[in-house]
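Biologist: Got a minute to go through this model with me? I'd like to start with the DNA and then look at how the chains meet.

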Protein chains: 2
Amino acid sequence: MQLNQATDYAFRVVLYLARLPIGEVASGLIIAESQNIPRRFLQKIMRLLAAAGLVKSYRGAVGGFALARRAEAITLYDVIVAMEGPLGIHRCLTDRSVCNRHCGEECPVHQALAATQDRLAADLAEVTFAALAAKTNNFNRG
Amino acid sequence: MQLNQATDYAFRVVLYLARLPIGEVASGLIIAESQNIPRRFLQKIMRLLAAAGLVKSYRGAVGGFALARRAEAITLYDVIVAMEGPLGIHRCLTDRSVCNRHCGEECPVHQALAATQDRLAADLAEVTFAALAAKTNNFNRG
DNA sequence: CCAATGTATACTGAACCGGTATAATATTAA
DNA sequence: TTAATATTATACCGGTTCAGTATACATTGG
């Protein structure tokens with residue numbers, strides 16, 4: 001019931017990219033050093049974020065990464081799904097047969113957890129990186 | 001970001017015990033067979049539930065397990081914490097130094113996830129096993 | 001060309017997961 | 001007292017995931 005380290009890193013990466021001037025790219029090395037992320041490990045993270053369409057990559061000598069869309073359109077939920085796959089707090093909710101094995105079609109545990117998961121997802125989807133970046137700016141200036 | 005199999009089983013166990021007549025105990029064997037849980041594995045689960053004070057155990061020839069308090073006073077949240085320890089969807093929230101390593105004292109990612117986690121916990125703590133047991137009765141009778 | 005970048009794949013040690021095994025301890029009934 | 005039925009404690013095991021590393025390759029700008 002915990003987000004993994006790679007997702008943790010991914011939050012920082014996206015937040016970092018969200019604060020870059022539009023049109024600017026950051027190389028993997030710059031991102032890794034500024035965020036204290038092992039450089040090799042960062043490559044894995046960037047590949048997942050790129051595959052999910054959250055960041056764009058630019059190869060070559062002055063390549064790097066930038067957000068693939070506006071920071072207003074990227075949420076905590078997006079990053080979590082990109083890194084860890086579809087949200088599924090319980091086996092019931094990803095594999096229906098798990099639930100049925102124990103308590104039949106209309107399992108009350110399933111129902112309660114499904115409702116909880118939906119609220120969690122909605123909650124996470126309300127937090128955009130534009131909002132997070134704005135907060136970062138505030139306390140950095142203060 | 002997923003509850004593990006043992007927690008899954010634990011939900012079923014507590015729900016099962018919640019439906020027993022008050023004063024009745026169920027042996028590990030009975031619980032295991034009725035809920036399709038490997039018998040040996042169930043022992044681990046019961047130990048955690050007992051250690052958390054959710055169930056009471058009775059040793060000896062006619063021993064077994066029963067809820068340690070009323071089903072109205074046991075929630076999904078209680079069982080999750082008993083099985084997996086304190087809720088911590090993000091490292092930030094259990095180990096503050098993780099957060100600070102990346103973005104200083106007032107990390108916006110930390111704040112957003114903390115708020116989300118609080119809502120998740122509150123959500124889970126609203127679902128009692130008395131309520132779940134009542135639903136179980138309904139669809140079993142229908 | 002060549003240096004700087006991202007891409008792809010595979011590896012590794014440690015931890016965790018799901019489950020099993022065995023021996024010990026406690027209680028009850030005969 | 002003894003046998004049967006329970007829970008308790010501890011250790012083990014194979015497989016998967018986690019966090020990170022290594023290596024070889026492809027692309028681009030100068």
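Biologist: Which atom of DNA strand C does a backbone N or O atom of A:Gly60 lie 3.5 Å from?
Modeller: A sugar or linking oxygen of the strand. Before we go on: this is a predicted model, where local features need pLDDT of at least 70, side-chain atom pairs count only at pLDDT 80 or more, and totals for chains, interfaces and linings use all residues. Residues are numbered from 1 along each chain as its sequence is written, chains are lettered from A and ligands numbered from 1 in the order in which they are written, and side-chain values use heavy atoms, with hydrogens and water left out.

Biologist: OK. What do A:Gly28 and A:Arg91 do with the phosphates of strand C?
Modeller: A:Gly28 has a polar backbone atom 2.7 Å from a phosphate oxygen. With A:Arg91 a polar side-chain atom is 2.4 Å from a phosphate oxygen.

Biologist: Which residues come nearest to strand C?
Modeller: A:Gly28, A:Arg47, A:Arg91, B:Arg40 and B:Lys44, out of 26 residues around the strand. "Around" here takes a heavy atom within 4 Å of the strand.

Biologist: And what share of the strand's atoms within 4 Å of the protein is sugar or phosphate?
Modeller: 61%, and the rest belong to bases.

Biologist: Switching to the protein side, how big is the area buried between chain B and chain A?
Modeller: About 4100 Å², with 59% of that from carbon and sulfur atoms. That's the accessible area (1.4 Å probe) the two parts lose on being put together, summed over both. Chain A puts in 43 residues and chain B 43 residues, where contact means heavy atoms within 4.5 Å.

Biologist: How many salt bridges between them?
Modeller: Two. In one, A:Arg119 pairs with B:Asp123 at 2.5 Å, N to O. The rule is a side-chain nitrogen of Lys or Arg within 4 Å of a carboxyl oxygen of Asp or Glu.

Biologist: I keep looking at A:Val109. Buried or exposed?
Modeller: A:Val109 counts as buried because its relative accessibility is 0%. The cut-offs are under 20% relative accessible area for buried, over 50% for exposed and partly exposed in between (1.4 Å probe, protein chains only).

Biologist: What is A:Val109 in contact with?
Modeller: Leaving aside neighbours within four places in sequence, B:Phe11, B:Arg12, B:Leu15 and B:Leu132.

Biologist: And how far is A:Val109 from A:Arg91?
Modeller: 11 Å in space, C-alpha to C-alpha, and 18 residues in sequence.

Note on methods. Polar contact = N/O pair within 3.5 Å; in protein donor to acceptor, adjacent residues only side chain to side chain.
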